[in-house]
Amino acid sequence: MKIRSAVVMPRGAAFPAIALILLSILSATLVAAIPASAQTLRPQALENGGQSVPDGEVLNRFIDVLRDEKKREALIQSLKTASGEESAGATAPESVPEVASFGRQVATYTQEMAESAVRSVQDFWQRLKSAPAAFAALDGDQVGVLLDALKDLALVIVTTYAIFLLLRQFAKRLYLSIGNLAATQNRLRLVGFAVISMLIDAGAVILAWTGGYIIALTFFGAFGSIGLRQTLYLNAFLIVELIKVVLRFALSPTTGELRLVPLSDAAANKLTRGFTAIITLLGYGQLLIVPIFNQNVSFAAGRSVSLLIALIAVGIAAAMTMRNRKPVSDWLLQTPGGPERNGMAGAIARRWHVLALCYLAFLAAVVLTRPGGMLFPVLNASFQVFAGFVVGFAVSGWIAGTVSRGIMLPEEVNRRLPLLERRLNTFIPQTLTLLRGVIFVAVVAFALHTVGLVDVKGWLQSQIGVRATSAVITVTLILTFAFVSWLALTSWVDYRTNPEYGKIPSPREQTLLTLLKNAATIAIIVLTLMVSLSEIGIDIAPLIASAGVLGLAIGFGAQKLVQDIITGIFIQLENAINVGDVITVSGTTGTAERLTIRSVGIRDLHGSYHIIPFSSVDMVTNFMRDFAYHVCDMGIAYREDQDEAKAAMFEAFEILRRDEEFRYDILGDMEWHGLQQLGDSAVILRARIKTMPGKQWAVGRAFNGILKKVFDEKGIEIPFPHQTIYFGEDKHGRAPAAYIRLSQERSGNGADARPEPDGQGRPPAEASLPAN
């Protein structure tokens, strides 16, 4: 069966019609014994155009057919028979379709694009060559038609414009008052005042348009009726003047204080006059003159007039471009309070007129090759593209200004969170720079979509576009949430460790909070990376498995590192070390300056910095826990009285305790331990002073200094080591010669008294004796 005619039906009726056809085949199958007889029978529903069987009943019967296997097979066979397929064809082997290679697909696509481009150029050239024929419908006799129409409209035009000019004079006074108020306001309020002035201007237009309608209905022609030409003019007046209202809103030629665009008064007036001429010509020409020619002459004459008006408007725009190219270039090159623009922006600003003339030439070509109403769609698309670029570059410029200025927080916030401003100025400018790139891509995509080169909307609605945009939005939200979480956590740690606010944190809290910040940062980075990769469609299960295998390999190959980390965790749990503690680790004593999960950094007394991994730590000695003691082992001469020395030591302690510098570092009375040791040349007395942790060394040095003064005042000797010299003897009991000379300084002549040799003839040993 061949279909020789096509029936066009609404989209909503397509499915019921198909269901009715399927139902007719089903009915024929149930009546006849074989599927082939289905072509000779038609159900009553189809003959009546599908009106006798409700849609719900059709769907129910169709569902029943699909559920029954036999009926479904009969339906398939009937469809094959209805399409002309031979019954033997069902058993024929299926041919495998040829799949083109990737290279062939690319070649086919480029071939089609090239052929399409050539056809478009040829079509454009043919239309351009035939463009002069579009003016063939115009002649000198048709000018009278326009003059007659203007005579009929003269009174309406004069009265409407008279009302409008009177209202404009009244509105200008309001503009000046509003401008005086806006002169001292900020940018946001300036926009508000500009909007108010625009509403007043639009109200004047609407009142003039309403007055023109009332006058036309009342005084021209029959009462209560209005001619078509008057209606065309009044509607054109409303549209054209409202467009001019928008132009005056941006340029504000009357009141410079309300001007949104940074222009001088002369430049604003010049641009307003030029654009007003173009808007007036296009508006009244296309909305009034062209319909008059269409009605009174011919549509060909109307198209010719439309083409002529459009070309005149393009010529006016080209003349404005050439006449104002230098002032506009200077204006575009200026930057607020800075040097002239350079680079690509500077090049575009200096050659803007070339781009404008190219665009005007494109408009002229469009008007000449497609005179049938293509001007306004092109102008609309151009306006959308221009507005998109203006908005995009305005937002991009604001972002660039924010990046250059940096983010400045209030002083109170900086005192509470001293690192927050630096973190924000580290990450936010990079993010804003990336956002500028996204805005540029979005503006270009919008422009390409508007001119019809790329179907961005269709791509966004496609499966790939939906997935891509969904992934981008989700990943952006994930990254934003992760950054905000990290920033909140680090700011909270900074606030808790800031000694100027709230409770002063202990060294243990500082250490644990620092470790928490580092661990949380690593966790946030890893989780954010994993979730982001999962959202963009990358299976992270192999990554997790690989990370597990890699972690196992690292565990075997870096056992020392694992031991460092495990030992460090237990050291932190047991609060053995905090930053700032004086400790002894692996034979090194100093101040703990840096503490990580793997090692500790110690600065010793000489300023040397030691990094000690926890795997090498077998014992930690901490001198900074709860309290400390200064143990004083003081030696006195054997001839001194022990009780007198004890009293002197307590006296020195009381002097120390009264000292303002050390009184708050001493936690109790001095503990007397008594005689500690009988040394070679001194009797050692021991006492102990309880101090604040870390203050034992300073307290001990101060106590030793005071005790020395007290001992000196009381004449208690702090002995130095004594030695007994033995010269020895030979095996016969005789000592070797030891010459000792005793000398005595005389106050008179200073002569030395030399002792005589002993009885055995040995010279005496020399000795120096002080003078009496």
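These are my notebook entries on strands, helices and salt bridges that I looked up in this predicted model.

**Ground rules**

I number residues from 1 along each chain as its sequence is written, and my side-chain values use heavy atoms, with hydrogens and water left out. Since the model is predicted, local features need pLDDT of at least 70 and side-chain atom pairs count only at pLDDT 80 or more, while totals for chains, interfaces and linings use all residues.

**Entry 1: a sheet of three strands**

I began with an open sheet whose three strands stand in the order 6-8-7 with antiparallel pairing. For my own reference, helices (H or I, at least four residues) and strands (E, at least two) are DSSP runs numbered from the N terminus, and two strands pair if DSSP finds at least two bridges between them. Strand 6 (628–636) and strand 7 (671–678) are the edge strands, each pairing on one side only. Neighbouring strands of this sheet are turned by 25 degrees against each other on average, direction ignored; axes here are lines fitted to C-alpha atoms, for helices over the stretch in contact, and angles run from 0 to 180 degrees between N-to-C directions.

I then followed one pairing along the chain: six bridges join strand 7 to strand 8 (residues 683–691) in the antiparallel sense. Trp672 has Ala687 of strand 8 opposite it.

Which helices lie across these strands? Helix 22 (residues 642–657) lies across strand 6, strand 7 and strand 8, and runs at about 25 degrees to strand 8. Helix 23 (residues 696–714) lies across strand 6 and strand 8, at about 25 degrees to strand 6.

**Entry 2: salt bridges**

I counted a salt bridge wherever a side-chain nitrogen of Lys or Arg is within 4 Å of a carboxyl oxygen of Asp or Glu, and by this rule the count comes to 16. As background, side chains of opposite charge can pair when their charged atoms come close.

One of them joins strands of the sheet in Entry 1: Glu671 and Arg688 form a salt bridge, with their closest N and O atoms 2.9 Å apart. This pair links distant parts of the chain, with Glu671 in strand 7 and Arg688 in strand 8, 17 residues apart. For accessibility I took buried as under 20% relative accessible area, exposed as over 50% and partly exposed as in between, with a 1.4 Å probe and protein chains only. Glu671, at 27%, is partly exposed, and Arg688, at 23%, is partly exposed too.

Next I looked up Arg168 and Asp201, whose side chains meet in a salt bridge at 3.3 Å, N to O. Arg168 belongs to helix 6 (residues 143–182) and Asp201 to helix 7 (residues 187–219), so I noted a link between distant parts of the chain, 33 residues apart. Are these two residues buried or exposed? Arg168 is buried at a relative accessible area of 11%, and Asp201 is buried at 4%. I also noted that Arg168, Asp201 and Arg248 are linked in a network of salt bridges.

**Entry 3: strands 2, 3 and 4**

Strand 2 and strand 3 run antiparallel and are joined by four bridges, and they form a hairpin with three residues between them. The bridge partner of Arg594 in strand 3 is Gly601.

A salt bridge belongs to this hairpin as well: Glu593 and Arg603 have their closest N and O atoms 3.1 Å apart. Because Glu593 lies in strand 2 (residues 588–595) and Arg603 in strand 3 (residues 599–603), the pair ties together parts that are ten residues apart in sequence. Glu593 is partly exposed at 40% relative accessible area, and Arg603 is partly exposed at 32%.

Strand 3 also pairs with strand 4 (residues 609–613), in the antiparallel sense and over five bridges, with Ser599 opposite Pro613 in strand 4. These two strands form a hairpin with five residues between them, and Gly607 in the turn has a positive phi of about 90 degrees. Strand 3 is largely enclosed by the rest of the structure, because four of its five residues are buried.

**Entry 4: helices 12 and 13**

I closed with helix 12 (residues 343–350) and helix 13 (residues 352–369), whose axes come within 4 Å and cross at roughly 60 degrees. Ile348, Ala349 and Arg350 in helix 12 meet Trp352, His353 and Leu355 in helix 13, where contact means heavy atoms within 4.5 Å.
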